[in-house]
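Let's take a walk through this structure together. Please keep the sequence and the 3D view open as you read.

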Amino acid sequence: IRNSSIQGYSETSLLINNQTIYQPIIAFKNIYLLWDIKDYNDITIDSLSIVFIHHPTVEVLLIGLGNKPRRISKEIIDFYRSKGIVIDSSSTFNACSTYNVLLAEDRNVAIAVVPDEFFTIEK
């Protein structure tokens, strides 16, 4: 099984395992899944809960939030911290870069990432 490293990134898409993805995803070391969120407000404890079924247990969950300053709620961060998972949210670019570094270090890391343009589409 090959690593689900993020090979490329643009405002509209992500390149993972030579596949261009145009929507939000949650990626683990050996698999990525489409992430069914409609907008920033859909990022919740429940929408991120897929990390609990992954084995081995995720230590760090990176969240890429587009190219504008956005924050994950303290409630989400505290909930995941209580379960032993560190959440680090940042720009999508920084989250992707950090994910690839941690993946190369063989860390138990996951990333929930959103292409920048996804946040600007009129709903």
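What follows goes from the overall fold to the aromatic pairs and then to some backbone details.

Before we start, please bear in mind that this is a predicted model. Begin with the secondary structure: the protein has 2 helices and 8 strands. If you trace the chain from the N terminus, the elements come in the order β-β-β-β-β-β-α-β-α-β. The radius of gyration is 13 Å, close to the 14 Å that the globule rule gives for 123 residues, so the protein is as compact as a globular protein of that length. Along the principal axes, the C-alpha atoms fill a box of roughly 35 × 35 × 20 Å.

How much of the protein counts as buried? Of its 123 residues, 40% do. Turning to contacts, take those with a sequence separation of 6 or more: 67% of them are between residues 24 or more positions apart. On the outside, the accessible surface comes to about 6,900 Å², and carbon and sulfur atoms account for 51% of that area. As for charges, the protein carries 11 positive and 14 negative ones, and the mean positions of these two sets are 3 Å apart.

Now let's look at the aromatic side chains. A search of the whole structure finds 4 aromatic pairs. A pair of aromatic rings is described by the distance of the centres and the angle of the planes. One of the pairs is formed by Tyr9 and Phe93, with ring centres 6.3 Å apart and planes at 55°. Pairs with planes between 30 and 60 degrees apart count as tilted, so the Tyr9 and Phe93 pair is tilted. Where do its two partners sit? Tyr9 belongs to strand 1 (residues 6-9) and Phe93 to helix 2 (residues 92-104), so this pair ties together parts that are 84 residues apart in sequence. Tyr9 itself is partly exposed, with a relative accessible area of 28%.

A second example to find is the pair of Phe52 and Phe79, which is edge-to-face: the distance is 6.2 Å centre to centre, with 85° between the planes. Phe52 lies in the loop between strand 5 (32-34) and strand 6 (60-65), while Phe79 lies in helix 1 (residues 74-82), so the pair ties together parts that are 27 residues apart in sequence. Phe52 counts as partly exposed at 38% relative accessibility, and Phe79 is also partly exposed, at 26%. Ring pairs link Phe52 and Phe79 with Tyr80 into a cluster.

Stay with that loop for a moment and move along to the backbone. His55 and Pro56 are joined by a cis peptide bond, with omega at about 5°. Pro56, like Phe52, is found in the loop between strand 5 and strand 6.

Which residues other than glycine have a positive phi? Among them is Asn17, with a phi of about 50°. Asn17 lies in the loop between strand 2 (14-16) and strand 3 (19-21). Is Asn17 buried or exposed? At 15% relative accessibility, Asn17 counts as buried, because the cut-off for buried is under 20%. Asp106 also has a positive phi, near 60°. Look for Asp106 in the loop between helix 2 and strand 8 (109-114). With a relative accessibility of 49%, Asp106 counts as partly exposed, because exposed means over 50%.

Methods:
Residues numbered from 1 in each chain as written. Predicted model: local features only at pLDDT ≥ 70, side-chain atom pairs only at ≥ 80, totals over all residues. Heavy atoms only, no water. Helix = DSSP H or I, 4+ residues; strand = E, 2+ residues; numbered from the N terminus. Rg over C-alpha atoms; globule rule 2.2 N^0.38 Å. Buried < 20%, exposed > 50% of the residue type's maximum accessible area, 1.4 Å probe, protein only. Contact = heavy atoms within 4.5 Å. Areas by Shrake-Rupley, 256 points an atom, 1.4 Å probe, with all protein chains shown as cover. Lys, Arg positive; Asp, Glu negative; His and termini not counted. Charge placed at Lys NZ, Arg CZ, Asp CG, Glu CD. Phe/Tyr/Trp six-rings, centres within 6.5 Å; stacked < 30°, edge-to-face > 60°.
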